[in-house]
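Work through the exercises below with the model open. Each task is followed by a solution in steps.

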Amino acid sequence: MRRLILLRHAKSDRPPGLRDLDRPLNPRGRQAAPLMGRYLADEELRPDLALVSPSARTQETWEAVAAALGAVRTETVRTIYEAPASALLAAIRSAPDEAGRVILVGHNPGMQDLAVKLVGRGDAAARNRLRTQFPTAAVAVIDFEAASWSEIGWGGGTLERFVRPKDLAGDLDE
């Protein structure tokens, strides 16, 4: 069995004159990222490997999340920066098989598109929420009956859960 955790970066700032790649988290994002990290730790959703976009906002999100999880092997993967679902799937398929649980930290719209295309089963209400919106700092946990990451394909996953920051702290809007 393979477990994929998709984490969209937390809410970012848009300072004038700064390249998109260099955009940091805003105050709400700096609050939501550690919240999601504690959630993952409390739910024992600790990944074996993190694949993280090179953008400042994804790196900062992952650092805050990882602080709650302890040491996790982390790879910065250039090809997942603002990538379409097909490129994200290629990155996942290249994960080493000894990593049974992988977290991908990236961007929309690719993350939502990837999640929707991967999920073929799971709670109907959660799947509908996922199709509607994949907000910043949200987490989708998708399980696969696969011996290898290279076998993962469209429709083959079961949505185990979909959690948004506002599900954990109602005062965090999207």
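Buried means under 20% relative accessible area, exposed means over 50%, and partly exposed covers the range in between. Keep in mind that this is a predicted model.

**Exercise 1. Place Gln 133 in the fold and decide whether Gln 133 is buried, partly exposed or exposed.**

Step 1. Find the element. Gln 133 sits in the loop that links helix 5 and strand 6.
Step 2. Apply the cut-offs. The relative accessibility of Gln 133 is 37%, so this residue counts as partly exposed.
Step 3. Take a distance. Val 105 is 28 residues away from Gln 133 along the chain, and their C-alpha atoms are separated by 16 Å.

**Exercise 2. Lay out the open sheet: give its strand order and its edge strands.**

Step 1. Write the order. Seven strands form an open sheet in the order 3-2-4-1-6-7-5, and the pairing is mixed.
Step 2. Mark the edges. Strand 3 (73-76) and strand 5 (119-122) each pair on one side only.
Step 3. Add the twist. From one strand to the next, the twist averages 30 degrees.
Step 4. Recall the chemistry. Strands of a sheet pair through backbone hydrogen bonds, in a parallel or an antiparallel sense.
Step 5. Check a parallel pair. Strand 2 (residues 49-52) and strand 4 (residues 101-106) are parallel, with four bridges. Here Leu 49 stands opposite Val 102.

**Exercise 3. Which senses of pairing does strand 7 show with strand 5 and with strand 6?**

Step 1. Take strand 5. Three bridges join strand 5 to strand 7, and the two run parallel. Val 119 has Gly 157 of strand 7 as its bridge partner.
Step 2. Take strand 6. Six bridges join strand 6 to strand 7, and this pair runs antiparallel. Ile 142 has Leu 159 of strand 7 as its bridge partner.
Step 3. Check the cover. Five of the seven residues of strand 7 are buried, so under the 20% cut-off this strand is mostly covered.

**Exercise 4. Describe the largest nonpolar core and find the element that gives the most to it.**

Step 1. Count. The largest nonpolar core has 33 residues.
Step 2. Name the hubs. Leu 6, Leu 104 and Leu 114 have the most contacts inside this core.
Step 3. List contributors. Elements that supply at least two residues of this core include strand 1 (2-8), helix 4 (110-118), helix 5 (124-132) and strand 7 (157-163).
Step 4. Pick the top one. Helix 3 gives the most to this core, with five residues.

**Exercise 5. Find the backbone exceptions at Glu 44, Glu 82 and Pro 109.**

Step 1. Set the baseline. Most residues other than glycine have a negative phi, and most peptide bonds are trans.
Step 2. Check Glu 44. Its phi is positive, near 55 degrees. Glu 44 lies in the loop between helix 1 (27-42) and strand 2. Its relative accessible area is 69%, so Glu 44 is exposed.
Step 3. Check Glu 82. Its phi is also a positive value, near 50 degrees. Glu 82 is in the loop between strand 3 and helix 3. At 45% relative accessibility, Glu 82 counts as partly exposed.
Step 4. Check the peptide bond. Asn 108 and Pro 109 are joined by a cis peptide bond, with omega about 10 degrees. Pro 109 lies in the loop between strand 4 and helix 4.

**Exercise 6. Characterise the largest pocket by volume and by lining.**

Step 1. Read the volume. The largest pocket has a volume of about 160 Å³.
Step 2. Inspect the lining. Among its residues are Arg 8, His 9, Lys 11, Glu 82 and Asn 108.
Step 3. Sort by class. The lining has seven charged residues, five polar and no nonpolar ones.

Methods
Residues numbered from 1 in each chain as written. Predicted model: local features only at pLDDT ≥ 70, side-chain atom pairs only at ≥ 80, totals over all residues. Heavy atoms only, no water. 1 Å grid on protein atoms, 1.4 Å probe; cavity = no way out; pocket = protein on both sides within 12 Å on 5 of 7 lines; lining within 4 Å. Points joined across faces, edges and corners; volume = space filled by probe spheres on them. Nonpolar A, V, L, I, M, F, W, Y, C, P; charged D, E, K, R; others polar. Pairing = 2+ DSSP bridges. Axes fitted to C-alpha atoms, helices over the stretch in contact; angles between N-to-C directions. Core = buried A, V, L, I, M, F, W, Y, C linked by side-chain atoms within 4.5 Å. Buried < 20%, exposed > 50% of the residue type's maximum accessible area, 1.4 Å probe, protein only.
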